[in-house]
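Biologist: Before we begin, please show me the model we are to discuss. I should like to go through its helix packing and a few individual positions.

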Amino acid sequence: GILQVKIPSWRATKDISITEDLAEEVARIYGYDKIIGALPAFNIAPPAKNIMRELERKLGETLVKELAYTEVYNYSFVSERQIAKLKSDISKYLELDNPLSAEKPFLRRSLLPNLLENIKANLDNYQEIKIFETGKVFIVDDAGQRAEKNSNELLPHQGNRLIACYTNKKNSIPFWEARRAAEAIGEELGLSFEFHPVSNLHQYQHPARSADIKCGENYIGCVCELHPGIAADFGLEARVGLLELNLDMLSAQRRNAVSVKMLSEFPEVVRDIAFLANKDVSHEKIISVVSSVDPLIKEIELFDVYEGKNVGAGYKSMAYRLTYSLPDRTLTATEVDAVQS
């Protein structure tokens, strides 16, 4: 199967120097008219979907287009100084043997330290800052993939995270803006985000302005304000609202989510109602009680909380919008009035 080919002296113009030149000569001598024209064979199957990349892009588009956030990119390294400011245990960080910078030799466990430094670097020039980042974090105390095939050595777990930060020098409660970002993402993904009291408060979370985010029973992240002490350590005078999402958990929930539901063919009835409640009574408790009153109640939405004039000390007025409906017929006013009362 090996040919030794010599170029004739009258073709010594170096126009036959590579394999393709020789193939062309063979085809010419054989006759182009004898060669049947055909397209080259190639695989037209679509490439495998990168679920995580698709999710990150979806989240980024939601934050940028709907809420005017700016995406930032930081290196995956943090310094001992940043770890100390975050009140984190340095023994849980993986130190590199050959870091790019001697100042930052540790792999990050959170996207937060570098984001806070981004805010610090820009806060003097802007009244409002809305930034987010998606990326990997490196958790030494959780097992990741194997170092090599059939190896018993495990690498640190590399989790995918998103953190969005909001701060405004004139906004004293940025928690609500962070929660707004969470709700926009949940709506875009078709997932029902529920906000619960914090089960495990992190060092960087404000003790009274924090909530866990769950999809059903699964924890997928948190929304909070940055702890004032940590904000001071990073040189931030304004309050900072934070949204943190575990993209691995969020991706699993998205795959399991029901994407369609039947719409009612009959009109809904909407009524408002307000409760005077003790400050210790949670929104979650009221939702639980109201939803158990009657199956005609399909949706319950809190739209106002008022404290002050005409409301006694230690109390709050909570206003809800209730949606009534039946799948097989139109409700009568009498039926709705009975449940409402």
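Biologist: In this predicted model, at what angle do the axes of helix α2 and helix α5 cross, and how is their relation classed?

Modeller: The axes of helix α2 (residues 51-67) and helix α5 (residues 175-189) come within 10 Å of each other. Their crossing angle is roughly 125°. Angles over 145 degrees would count as roughly antiparallel and those from 65 to 115 as roughly perpendicular. The pair α2 and α5 is therefore oblique.

Biologist: Is the crossing of α2 and α5 left-handed or right-handed?

Modeller: The sense of the crossing depends on whether the near helix is turned clockwise or anticlockwise from the far one. For α2 passing α5, the crossing is right-handed.

Biologist: Which residues of α5 meet α2, and what is the make-up of the contact by class?

Modeller: From α2, the residues involved are Leu55, Lys58, Leu59, Thr62, Leu63, Glu66 and Leu67. Their partners in α5 are Arg180, Ala181, Ala184, Ile185, Glu188 and Leu189. By class, the contact of α2 with α5 comprises 8 nonpolar, 1 polar and 4 charged residues.

Biologist: What span should α5 have, and how far apart are its end C-alpha atoms?

Modeller: Helix α5 has 15 residues, and at 1.5 Å a residue it should span 21 Å. This expectation agrees with the model, in which the end C-alpha atoms of α5 are apart by 21 Å.

Biologist: Which residues of α5 are buried, and what residue follows the helix?

Modeller: The buried residues of α5 are Phe175, Ala178, Ala181, Ala182, Ala184, Ile185, Gly186 and Leu189. The residue after α5 has a positive phi, near 75°. That residue is glycine 190.

Biologist: Where is threonine 134, is it buried or exposed, and how far is its C-alpha atom from that of leucine 245?

Modeller: Threonine 134 lies in strand β4 (residues 128-146). Its relative accessibility is 16%, so threonine 134 counts as buried. Leaving out residues up to four places away in sequence, threonine 134 touches Glu56, Glu71, Leu111, Arg161, Leu162 and Leu247. Leucine 245 is 111 residues apart from threonine 134 along the chain, and the C-alpha separation is 9.4 Å.

Biologist: Why does serine 325 count as buried, and which residues does it touch?

Modeller: Serine 325 is in the loop between β12 (315-324) and α9 (333-340). Buried means under 20% relative accessible area. Serine 325 counts as buried because its relative accessibility is 7%. Beyond residues up to four places away in sequence, serine 325 touches Glu268, Leu296, Lys298 and Leu331.

How values were computed
Residues are numbered from 1 along each chain as its sequence is written. This is a predicted model: local features need pLDDT of at least 70, side-chain atom pairs count only at pLDDT 80 or more; totals for chains, interfaces and linings use all residues. Side-chain values use heavy atoms; hydrogens and water are left out. Axes are lines fitted to C-alpha atoms, for helices over the stretch in contact, and angles run from 0 to 180 degrees between N-to-C directions. Helices (H or I, at least four residues) and strands (E, at least two) are DSSP runs, numbered from the N terminus. Angles under 35 degrees count as roughly parallel, over 145 as roughly antiparallel, 65 to 115 as roughly perpendicular and the rest as oblique. Contact means heavy atoms within 4.5 Å. Ala, Val, Leu, Ile, Met, Phe, Trp, Tyr, Cys and Pro count as nonpolar, Asp, Glu, Lys and Arg as charged, and the others, Gly among them, as polar. The expected span of a helix is 1.5 Å times one less than its number of residues. Buried means under 20% relative accessible area, exposed over 50%, partly exposed in between (1.4 Å probe, protein chains only).
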